[in-house]
Amino acid sequence: MKKFIYFLISLLLICSFSACNSPKDKVLVSLGEYNDYVFYSEGGFQDYTDYAKYYYTSVSIEENEYLKKIQESDFAEIDKHLNDFENWIKIFKDKDDSLELVVKYDFNRNIIDVEDYIYIRSEEHTWDDGFTSLVSYDVYFFDTQTLTLYYFHNNI
């Protein structure tokens, strides 16, 4: 009987942990099935940085409910987020330049143009000293020339 109770408790724990999985990424799902991807992450439970690339062979993006075509006026906002993201890469590199995220980060801003699409979800915080900084963001950049979705996430 004890074995059965231990089995039941174990089964309940496993089920409860699987129920804690995060919901599907709506932006990623909105593009349909990708062929391949790479995903790199550094950090812990609530303080982490992710970089990913998703490769597609075809995408119908013009009517996407999340990604919008980049306008010239978007470049400042894109740069603000990429500057912050690349600053975190530098911090990780200074700590340990052999980290996978550091070694594999290969984004080149020169590929960004007005034919591409972007979605940015972010939060800023103003500190007691008046300084405002990004504290959490997801940036999805879709390069139409290579049919690649780049994903940048940071959360402090």
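Exposed, for my purposes here, means over 50% relative accessible area, buried means under 20%, and partly exposed is in between. I'm working from a predicted model, so every value below is computed.

**Entry 1: Phe131 and its patch**

I started with Phe131, which sits in the loop between strand 4 (117-126) and strand 5 (132-143). Its relative accessibility is 52%, so Phe131 counts as exposed. I then looked for company on the surface. Phe131 belongs to a nonpolar patch with Trp127 and Ile156. Together the three have about 320 Å² of accessible area.

**Entry 2: salt bridges around Arg109**

Next I went through the charged pairs. Side chains of opposite charge can pair when their charged atoms come close. How many salt bridges does the count come to? I get nine, with the rule being a Lys or Arg side-chain nitrogen within 4 Å of an Asp or Glu carboxyl oxygen.

I picked out Arg109, which bridges to Asp79 at 3.1 Å, N to O. This pair links distant parts of the chain: Asp79 is in helix 3 (residues 75-95), Arg109 is in the loop between helix 4 (100-104) and strand 4, and they are 30 residues apart. I checked cover on both ends. Asp79 has 32% relative accessibility, so I log it as partly exposed. Arg109 comes out at 23%, so partly exposed too.

Arg109 also meets Glu86 in a salt bridge, at 2.8 Å, N to O. Here again distant parts of the chain are linked, with Glu86 in helix 3, Arg109 in that loop between helix 4 and strand 4, and their positions 23 residues apart. Glu86 has a relative accessible area of 25%, so I put it down as partly exposed.

**Entry 3: Asp138 and Arg121**

I moved on to the strands, where Asp138 forms a salt bridge with Arg121, the closest N and O atoms being 2.8 Å apart. Asp138 lies in strand 5 and Arg121 in strand 4, so the bridge ties together parts that are 17 residues apart in sequence. Is Asp138 buried or exposed? Its relative accessible area is 10%, so it goes down as buried. Arg121, at 40%, is partly exposed. I also noted a network here: Glu77, Lys80 and Glu124 are joined into one by salt bridges that share partners.

**Entry 4: Tyr151**

Asp138 led me to Tyr151, because their side chains make a polar contact at 2.7 Å, inside the 3.5 Å cut-off. Tyr151 is in strand 6 (residues 148-155). With 10% relative accessibility, Tyr151 counts as buried.

Which residues does Tyr151 contact, leaving aside neighbours within four places in sequence? I list Phe39, Asp50, Tyr51, Ala52, Tyr54, Asp138, Val139 and Tyr140. I also looked up Leu28, which is 123 residues away from Tyr151 along the chain. The C-alpha atoms of Tyr151 and Leu28 are separated by 9.3 Å.

**Entry 5: Asn155**

My last stop was Asn155, placed in strand 6. Its relative accessible area is 17%, under the 20% limit, so I call Asn155 buried. The Asn155 side chain makes a polar contact with the side chain of Ser136 at 3.5 Å. Not counting residues up to four places away in sequence, Asn155 touches Gln46, Asp47, Tyr48, Val135 and Ser136.

Methods. Residues numbered from 1 in each chain as written. Predicted model: local features only at pLDDT ≥ 70, side-chain atom pairs only at ≥ 80, totals over all residues. Heavy atoms only, no water. Patch = residues over 30% accessible without salt bridge, like charges linked within 9 Å, V, L, I, M, F, W, Y side chains within 5 Å. Areas by Shrake-Rupley, 256 points an atom, 1.4 Å probe, with all protein chains shown as cover. Helix = DSSP H or I, 4+ residues; strand = E, 2+ residues; numbered from the N terminus. Buried < 20%, exposed > 50% of the residue type's maximum accessible area, 1.4 Å probe, protein only. Contact = heavy atoms within 4.5 Å. Polar contact = N/O pair within 3.5 Å; in protein donor to acceptor, adjacent residues only side chain to side chain.
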